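Here are my notes on the model, point by point. Please read them with the structure open.

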Amino acid sequence: MTLFRPRALSRLPLVVALSLALSACTTSDAPVPPADALPEASAPAIRAHVEFLADDLLEGRLSGTRGYDIAAGYVASEFAQIGLRPGAAEGSWMQPVALVESLSLLPASRLVLRPASGPDVTMAPGKDFLPVASIDQAKVLAEAPLVFAGFGVSAPDHGHDDLAGIDVKGKVVVVFSGAPSKFPPEVRAHYSAGLTKTQALVDRGAVGILQIQTREDQQRTPWERLVQQSWRSRMAWANDEGVPNGAWPQLAIRASISPDSASVLFAGAPKTLDDAYAAAEAGTPQAFELPMTVEQERHSMIRQRQSANVVGVLEGTDPALKNEYVVISAHLDHVGKGAPIGGDAIYNGAFDNASGIAVMLEAARLLAASPAKPRRSVIFLAVTAEESGLQGADYFVQHPTVPREAIVANINIDMPVALAPLADITAFGAENSTLGAVVERAAAAEGVAVTPDSKPEEVIFVRSDQYAFVRAGIPALYIDEGMRSTDPTQDQAARVEAFRKERYHQPGDDLSQAIEWPSLAMLARLNARVINEVANNEARPSWHPGNFFGETFAKPAEAPPATTP
C-alpha cells in the first residue's frame, strides 16, 4: 500500500504534471441563466475523465490504495486547470481522512443457536450467516438471549413502534431489513438506514443485531449476491486518537442470517418466520421473545489506511454571499479488486462513480468558464469511502473546511447510468425542499422531464453522500438518470435494470458498456444550472414546512471549528 501524502499532492506543478502524463444572469429575479450564459458541455471531455478513472491502472479506486491516490491526484489537477482554488487546509486540495478498515475472516467465524429445548444448532459461515466485521476488535466472543422486533423501527409519530413493550437490554435483537412500506417515502428511507436503526437499538441497551432480509429485499439482492460480495471490507473514519466512528462496541454479536436458515430462529416462538414476514408486509408492529440464546465468535483483520477528500472552490463574486457555499459532491472511490468474475478481478466502477466525478468536473468547468460567475462560492467535493457507508462525506460534514452554518445546500451526483439518450432525470429528495423547484427549471431549460423516484422501496435517498448533509440539517438532493429515452427503439429502463443485476458492483461496470456520453454531458450542464441558480438566489434553499427531514435535522449540533482553507 502506498501511503497518501496530501501535502505533496497539493503542490500544483506536481499535480498538473501527473495529469499531463496520464491523460493525453446573476440576479435573484433571473435565477436560471439564458442558454448562452453557460458554455456547451463537452461529451468528449466527460468520456476522457471516465476512461482514465475506470482504467485498470487504478485497480478499482479502493479508498486508501494507490489507485485511489492516483484518482485523487487526477481530480486535483483537473480542479487546478479549471481554475478552482484549493479548498482544504494550508492551501491543499486534499482533506486527509484517516480510515480504519476491517475484513471479516469468514472461515474462523462461528454462530451457534442454543434453544431452550433441543440440541444446539451450528450455523455455517457463508451459507447460513455472514458476520459483520468488527471495526475495533480483532476477536469478539459473546453469548446472549434473542428477541425478535420486526423491523426494529420505533416511530410512534408515524403509527409504528416495534420496540414498544419489549425489553432489548442485554439482548440480541433479530430484525428485518428495511422499514414499513406504509410509511411515506422519506420516512421509510430514514428508518431503513442502518445508522438510524442501529443507534435506536444501541440506545436501548441491545448487545447484538441479527438481520434477515425481507422478501422484497431478497428479490432485489439475493442471498447469493451477498455471499459473493462478502470479500469486501468495512471502513470507518477515525478521529485524531484513532478511534473509528460508529464502531458500536456494545454490539458484540452482529450478522446477517440467510433466508433459508432464518426459520430456525423462530423454533418454539409465538409466530413462525412466515407469520412474521406477513405482519411486516402488512405494516403491523411486532415483537416477542425467541426461546434461545446465540453464541457468536467473530474474527476480523483490522488495519489503518490513509485517504483524502479532494476539495476545490470556485469563489463567489458577491462581497457578502461569497462567504456562503453550495457544495456539489460525488464519490471518487469504488470497491477495488475482489473475487474474479469471468477471470476479471478489477471492479472498475465506470458508472459507479467515475461517471459522476466526470459530470462534476464538467459542471465545474462550465461554471468557471461562464462570463457570469456565481455570487455564492461553490465547493466541488470528491469524497472517499462512500462505498463503506458515506464515510468521506460524513467526515467532511463533521470536519468542514468552511463554517458548517455557511453551507447552504448540497447537490450530489452518484452513478448516472446513461445507456440511451435520456428524456428525463430523477432528483432524489427534490420533494423535501425548495431545491426541487430549481431542478424543475433547470431540467426544462435542458429539455428533459423530471420523473419521481420509480422505486421508493429501494430508499436510494439515504444510500448516497447527500444523506450526510441531510443529517446535518442542510437541504440536499441527488440528481440521477431517468428511465425514459428520446429514442423509442432504446429501452433505458430495461438497460438500467440489466446493469443493476449484472454489472453493479461487478467487474462488468467497465468501459465495455455502451455509455451514452451526450446524455452525461447534458447532466453536467443541468447540474451547472442548478448550482448557478442556488448560488445566485438571494434566499438560501429551505426545507418545505412540515418536511420530515427538515423537522428531524434542521437544528444540527454545533459544528467543530472549521479549518480555514
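1. Where does asparagine 353 lie? Asparagine 353 is part of helix 10. The model is a predicted one, so please read each point below as a statement about a prediction. A cis peptide bond links aspartate 352 to asparagine 353, with omega at about 5°. I would look at this bond on screen before moving on.

2. Helix 10 covers residues 350-369. Its 20 residues should span 28 Å at 1.5 Å a residue. The end C-alpha atoms are 26 Å apart, which agrees. Of the 20 residues of helix 10, 18 are buried, so the rest of the structure largely encloses this helix.

3. Helix 4 takes in residues 66-82. The expected span of its 17 residues, at 1.5 Å a residue, is 24 Å. Its end C-alpha atoms are 24 Å apart, in agreement. Burial was checked here too: 15 of the 17 residues are buried, so helix 4 is largely enclosed by the rest of the structure. Just after helix 4 comes glycine 83, with a positive phi of about 110°.

4. Alanine 80 belongs to helix 4. Is alanine 80 buried or exposed? Its relative accessible area is 19%. The cut-off for buried is under 20%, so alanine 80 counts as buried. The C-alpha atom of alanine 80 is 55 Å from that of valine 294. Along the chain, these two residues are 214 apart.

5. Two non-glycine residues with positive phi deserve a look. Tryptophan 248 has phi near 50°. It sits in the loop between strand 11 (234-237) and strand 12 (253-257). With a relative accessible area of 15%, tryptophan 248 is buried.

6. Valine 459 is not a glycine either, yet its phi is positive, at about 40°. Its loop runs between strand 20 (449-450) and helix 13 (466-470). Valine 459 is buried, at a relative accessible area of 11%.

7. Next, internal space. Rolling a probe the size of a water molecule over the atoms shows where empty space is left. How much space lies in the largest cavity? The volume is about 50 Å³. Tryptophan 248 helps to line the largest cavity, and Ala247 and Pro249 do so as well. Also in the lining are Ala133, Ser134, Ile135, Asp136 and Gln137. Arg234, Leu251, Arg254 and Arg298 are lining residues too. By class, six lining residues are nonpolar, two are polar and four are charged.

8. Now the whole protein. It has 16 helices and 21 strands. The radius of gyration is 24 Å, close to the 24 Å that the globule rule gives for 565 residues, so the protein is as compact as a globular protein of that length. Along the principal axes, the C-alpha trace spans about 75 × 55 × 50 Å.

9. Last, burial and surface. Of the 565 residues in the protein, 58% are buried. The accessible surface comes to about 21,200 Å². Carbon and sulfur atoms account for 53% of that surface.

How values were computed
Residues are numbered from 1 along each chain as its sequence is written. This is a predicted model: local features need pLDDT of at least 70, side-chain atom pairs count only at pLDDT 80 or more; totals for chains, interfaces and linings use all residues. Side-chain values use heavy atoms; hydrogens and water are left out. Helices (H or I, at least four residues) and strands (E, at least two) are DSSP runs, numbered from the N terminus. The expected span of a helix is 1.5 Å times one less than its number of residues. Buried means under 20% relative accessible area, exposed over 50%, partly exposed in between (1.4 Å probe, protein chains only). On a 1 Å grid over the protein atoms alone, a cavity is a set of points where a 1.4 Å probe fits but cannot get out, and a pocket is an open set with protein on both sides within 12 Å along at least five of seven lines; lining residues have an atom within 4 Å of a point. Grid points are joined across faces, edges and corners, and a volume is the space filled by probe spheres set on the points. Ala, Val, Leu, Ile, Met, Phe, Trp, Tyr, Cys and Pro count as nonpolar, Asp, Glu, Lys and Arg as charged, and the others, Gly among them, as polar. The radius of gyration is taken over C-alpha atoms; the globule rule is 2.2 Å times the number of residues to the power 0.38. Accessible areas come from the Shrake-Rupley method with a 1.4 Å probe; for residues, only the protein chains shown count as cover.
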